[in-house]
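Grab a pencil and have the model open in your viewer. Try each exercise yourself before reading its solution.

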Amino acid sequence: MTRTRVAAITAFTVLACGLAWLVSLPLWLGDGLAEPIAGVLLPVMMLTPAVAALVITFTMRIPAPGERVRFLGLWPLRPAKRVVWLMVVGWLAPPLLVGLSIMIAAALGFIRLDPTFAGFAAEVAKLVPEGTPMPPIELLVLSQIAMIPVGALVNSVIAFGEELGWRGWLVPALRPLGTWPTLLISGVIWGLWHSPVILLGYNFGRTDITGVLFMIGGCVAWGILLGWLRLRSASIWPAVLAHGALNAAGGLVILVAASQPDLALAGPLGVAGWIVATVVIVILALTGQFRHQPELAGAPGRLLSAPRGDRHPAAP
């Protein structure tokens, strides 16, 4: 890890977080998340890590010009079979893990499941004029669940802005530190970057430091999984799809909870989600999945989770 690279990582972090605060400033000066423009500013904020990555790439020349596309994980997609398979995993696995987190939340008493979906029906009723004919609530719930794979693809378009920064630029930049430091540090930075909207009550409804800490915990847990997709495939696209799928499935707990849940406990980024992600991470680690990493541009070919003498230029 050279001084130049440390300086680039620092500059990227400051720029990404600074731009996030700048974009969210109108919310702080206005009515917070109730501002009508919030629906526009939140997606714009998701583009700031990509902007930071591109600025650092072209001004500090990390990566070098000839390695940029490969360093960012945009191309080439090879071996194609592995990349495509991990893209499918990224697309379909997060909703399943979110579903497991709901079961964990129910088992731990964080939520009470309601098979009649009365809580969701009450929320829907608030959004439509009184007397509006409504289909059976079960049909609405099924349609919401069925649309998650499509929603994952749609959300991936915006999630690309974040992933180009976090898993595209930051993870390869940190990788000389080793696999686990890379995944943990990038997850903490990802969580801190959310601070401008978390402190307004976004996601957890907490407007103090506890909301930021819960977000850091969620981003570390999920960031390790997204980072594994990135390192295992040497491509950004599986992580992009996984991020989009996580966003699409994040509201599932609202559908099945009898009342408004505490998302810091029952949400996919809360304690229940941490438990599920930890179990998956442990399984991946025990099966050696973090050791199988192809070479990334701008980083050593050695598997950084392996002993220093163990070199594998391209893992299968």
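Here are three exercises with worked solutions.

A word on ground rules: this is a predicted model, where local features need pLDDT of at least 70, side-chain atom pairs count only at pLDDT 80 or more, and totals for chains, interfaces and linings use all residues. Residues are numbered from 1 along each chain as its sequence is written, and side-chain values use heavy atoms, with hydrogens and water left out.

**Exercise 1.** Find the two salt bridges and work out where their partners sit.

*Solution.*
- Start with the criterion: a side-chain nitrogen of Lys or Arg within 4 Å of a carboxyl oxygen of Asp or Glu.
- Arginine 167 and glutamate 163 pass, at 2.6 Å from N to O. Both belong to helix α8 (residues 148–174), four residues apart, or about one turn. Helices here are DSSP runs (H or I, at least four residues), numbered from the N terminus.
- Now check burial (buried is under 20% relative accessible area, exposed over 50%, partly exposed in between; 1.4 Å probe, protein chains only). Arginine 167 is buried at 0%, and glutamate 163 is buried at 0% too.
- The other pair is aspartate 262 with arginine 206, whose closest N and O atoms are 3.2 Å apart. Aspartate 262 is in the loop between α13 (252–256) and α14 (263–266), and arginine 206 is in the loop between α10 (195–198) and α11 (209–233), so this bridge ties together parts 56 residues apart in sequence.
- Aspartate 262 is partly exposed at 30%, and arginine 206 is partly exposed at 26%.

**Exercise 2.** Check the span of α5 (residues 80–107), then look for a kink and list what the helix packs against.

*Solution.*
- The expected span is 1.5 Å times one less than the number of residues. For the 28 residues of α5 that gives 40 Å, and the end C-alpha atoms are 40 Å apart, so the two agree.
- Walk along the axis: α5 has a kink of about 35° at alanine 93, shortly before proline 94. The bend is the angle between axes fitted to the seven residues ending there and the seven starting there.
- Buried residues of α5 include Arg82, Leu86, Gly90, Pro94 and Leu97. The buried residues pack against α8, α11, α12 (237–249), α13, α14 and α15 (271–286), with contact meaning heavy atoms within 4.5 Å.
- After α5 comes glycine 109, with a positive phi near 80°.

**Exercise 3.** Which residues touch the most other members of the largest nonpolar core?

*Solution.*
- Such a core joins buried Ala, Val, Leu, Ile, Met, Phe, Trp, Tyr and Cys residues through side-chain atoms within 4.5 Å.
- Among its 80 residues, the answer is Phe12, Trp166, Trp169, Leu170, Trp193, Phe204 and Trp222.
- Its largest share, 14 residues, comes from α11.

Note on methods:
Helix = DSSP H or I, 4+ residues; strand = E, 2+ residues; numbered from the N terminus.
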